[in-house]
Amino acid sequence: MFDFQKIVLFKASLYAYDGSSLSYINSSAPCALFSPAVTTQYTLSLTVAEASISNTDRIYVVLEARSTEINHDVTFSFGD
């Protein structure tokens with residue numbers, strides 16, 4: 001049974017960086033972690049318009065997490 005009072009939410013926001021400034025592109029919908037004590041894989045998605053990023057831009061991703069309670073940790077892992 002899920003405890004909806006103890007949900008952790010996370011989302012990703014995507015920006016293009018041209019070397020001097022960030023341009024906001026889009027954000028994913030929040031994803032709920034219903035069992036924060038269990039290590040598992042979650043998937044986020046968002047749309048990117050073709051004209052939003054040039055071939056010289058860098059992609060800048062912001063990962064945000066928040067909880068309905070205090071003292072929750074979220075760890076993001078990338079590759080090996």
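Let's start with one residue: alanine 16 is buried, because its relative accessibility is 5% (buried means under 20% relative accessible area, exposed over 50%, and partly exposed in between, using a 1.4 Å probe and protein chains only). Alanine 16 sits in strand E1. Its C-alpha lies 9.7 Å from the C-alpha of threonine 56, although the two residues are 40 apart in sequence.

Before going on, a word about what you're looking at. This is a predicted model, so local features need pLDDT of at least 70 and side-chain atom pairs count only at pLDDT 80 or more, while totals for chains, interfaces and linings use all residues. Residues are numbered from 1 along each chain as its sequence is written, and side-chain values use heavy atoms, with hydrogens and water left out. The score called pLDDT is the predictor's confidence in each residue, from 0 to 100. The protein averages 79, and 82% of its residues score at least 70. Among the elements, E2 has the highest mean pLDDT, at 91, and strand E3 has the lowest, at 82. Where pLDDT is low, the predicted coordinates should not be read in detail.

Now for the overall layout. You'll find four strands and zero helices, so the order from the N terminus is simply β-β-β-β (helices, H or I with at least four residues, and strands, E with at least two, are DSSP runs numbered from the N terminus). Of the 80 residues, 15% count as buried.

How do the strands fit together? Follow E1 and you'll meet each partner in turn. Two strands pair if DSSP finds at least two bridges between them. E1, residues 8–17, runs antiparallel to E2, residues 22–27, and five bridges join them. One of the matches puts serine 13 opposite serine 27 in E2, and another makes tyrosine 24 the partner of tyrosine 15. E1 and E2 form a hairpin with four residues between them, and glycine 19 in the turn has a positive phi of about 105 degrees.

E1 also runs antiparallel to E3, this time with three bridges. Here leucine 9 is matched with alanine 32, which belongs to strand E3. Alanine 32 has a relative accessible area of 21%, so it is partly exposed. From alanine 32 to arginine 66, the C-alpha atoms are 9.8 Å apart, with 34 residues separating them along the chain. Then there's E4: it pairs with E1 in the antiparallel sense over 10 bridges, and valine 8 has serine 67 as its partner there. As a rule for any regular strand, the side chains alternate between the two faces of the sheet.

Next, look for the rings. The structure holds three aromatic pairs (rings of Phe, Tyr and Trp, with its six-membered ring, pair if their centres lie within 6.5 Å; planes under 30 degrees apart count as stacked, over 60 as edge-to-face and the rest as tilted). One of these joins phenylalanine 10 and tyrosine 42: the centres are 6.0 Å apart and the planes meet at 80 degrees, so the pair is edge-to-face. Because phenylalanine 10 lies in strand E1 and tyrosine 42 in the loop between E3 and strand E4 (58–67), the pair ties together parts that are 32 residues apart in sequence. Phenylalanine 10 is buried, at 9% relative accessible area, whereas tyrosine 42 is partly exposed at 30%.

Another edge-to-face pair is formed by tyrosine 15 and tyrosine 24, with 5.6 Å from centre to centre and 70 degrees between the planes. You've met these two already as bridge partners. Tyrosine 15 counts as partly exposed because its relative accessibility is 21%. Together with Tyr60, Tyr15 and Tyr24 form one aromatic cluster.

Finally, find the largest pocket, which holds about 580 Å³ of space. On a 1 Å grid over the protein atoms alone, a pocket is an open set of points with protein on both sides within 12 Å along at least five of seven lines, where a cavity is a set in which a 1.4 Å probe fits but cannot get out; lining residues have an atom within 4 Å of a point. Grid points are joined across faces, edges and corners, and the volume is the space filled by probe spheres set on the points. The lining has 18 residues, and Phe10, Thr40, Thr75, Phe76 and Ser77 lie nearest the centre. E1 and E4 are the elements that give two or more residues to this lining.
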